[in-house]
Amino acid sequence: MKKMKNTIFSLFACAMFLALTACTTKEAAINNLEKFSYELRDKSRNYGVKDWEIAANQFISLRKDISRHNYNEAERQRIRRLEGECAKYMAKGAKDGILDKVLEVGSGLQGILEGLGF
């Protein structure tokens, strides 16, 4: 009887550990997406082509990680909001970064043309 109680207790403890680990991992996946959105918000304006490749791969990896878990409606809503923010920052950062490069090249060309007397 005592051995059976120990077995039941061990199974219960193992189940609790797995449940806690699953919850932590599930929440960690959302937190990683949130951190990524902050990274994009704060730094994507200065990204080059290689940075954008890394960011795109990271976004895909984060979405794969998130897809491995089951979320309730509130969590899915948070995930959709964060994914939307990431998409917005990626589009804005890429546009602004490209526009800045074009303007830099344009001002450089303007200086060259002025130097040539045009």
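The pLDDT is the predictor's confidence in each residue, on a scale from 0 to 100. In this predicted model, the protein chain averages a pLDDT of 75, and 60% of the residues reach a score of at least 70. Confidence varies along the chain: helix H2 has the highest mean pLDDT of the elements, 91, whereas H1 has the lowest, 69. Over residues 9-22 the value falls below 50, and beyond near neighbours in sequence this stretch makes 0 contacts in the model. Where pLDDT is low, the predicted coordinates should not be read in detail. The stretch of residues 9-22, with its pLDDT below 50, therefore calls for that caution.

The overall architecture may be described next. The protein chain contains 3 helices and 0 strands, and its elements follow the order α-α-α from the N terminus. Helix H1 covers residues 2-43 and helix H2 covers residues 49-67, while helix H3 covers residues 73-115. Of the contacts between residues at least 6 apart in sequence, 80% join residues at least 24 apart. Buried residues account for 24% of the 118 residues in the chain. The chain exposes about 8800 Å², of which carbon and sulfur atoms supply 63%.

The interior offers a suitable starting point for the details. The largest nonpolar core comprises 17 residues, and Leu33, Phe36 and Leu40 are those with the most contacts inside it. Each of H1, H2 and H3 supplies at least two residues of this core. The surroundings of Leu40 can be listed residue by residue: with neighbours within four places in sequence left aside, Leu40 is in contact with Tyr47, Trp52, Ala55, Cys86, Tyr89 and Met90.

The aromatic residues add a further layer to this picture. The structure holds 2 aromatic pairs. In one of them, Phe36 and Phe59 are stacked, with 6.2 Å centre to centre and 25° between the planes. This pair links distant parts of the chain, since Phe36 belongs to helix H1 and Phe59 to helix H2, 23 residues apart. Phe36 counts as buried because its relative accessible area, 3%, is under 20%. Phe59 is likewise buried, at 15%.

Tyr47 and Trp52, two of the contacts of Leu40, form an aromatic pair of their own. Their geometry is edge-to-face, with 5.0 Å centre to centre and 70° between the planes. Tyr47 is buried at 15% relative accessibility, and Trp52 is buried at 18%.

Charged side chains form another set of interactions, with 11 salt bridges counted. Where do Lys43 and Glu39 lie? Both are in helix H1, 4 residues apart, which is about one turn of the helix. Their side chains meet in a salt bridge at 3.8 Å, N to O. Both partners are partly exposed, Lys43 at 45% relative accessibility and Glu39 at 31%. The side chains of Asp42 and Arg41 also meet in a salt bridge, at 2.8 Å, N to O. Arg41 is partly exposed, with a relative accessibility of 44%.

The bridge between Arg63 and Glu83 has an N to O distance of 2.9 Å. It links distant parts of the chain, as Arg63 lies in helix H2 and Glu83 in helix H3, 20 residues apart. Is each partner buried or partly exposed? Arg63 is partly exposed, with a relative accessible area of 43%, whereas Glu83 is buried, at 17%. In addition, salt bridges that share partners join Glu27, Glu34 and Arg78 into one network.

A further acidic residue, Glu75, is found in helix H3. Glu75 counts as buried because its relative accessibility of 16% is under the 20% limit. Not counting residues up to four places away in sequence, Glu75 touches Lys26, Ile30 and Asn70.

Taken together, these features show how the helices are connected in the model. The nonpolar core draws at least two residues from each of H1, H2 and H3. The stacked pair of Phe36 and Phe59 links H1 with H2, and the salt bridge of Arg63 and Glu83 links H2 with H3.

Key
Residues numbered from 1 in each chain as written. Heavy atoms only, no water. Phe/Tyr/Trp six-rings, centres within 6.5 Å; stacked < 30°, edge-to-face > 60°. Buried < 20%, exposed > 50% of the residue type's maximum accessible area, 1.4 Å probe, protein only. Salt bridge = Lys/Arg side-chain N within 4 Å of Asp/Glu carboxyl O. Core = buried A, V, L, I, M, F, W, Y, C linked by side-chain atoms within 4.5 Å. Contact = heavy atoms within 4.5 Å. Areas by Shrake-Rupley, 256 points an atom, 1.4 Å probe, with all protein chains shown as cover.
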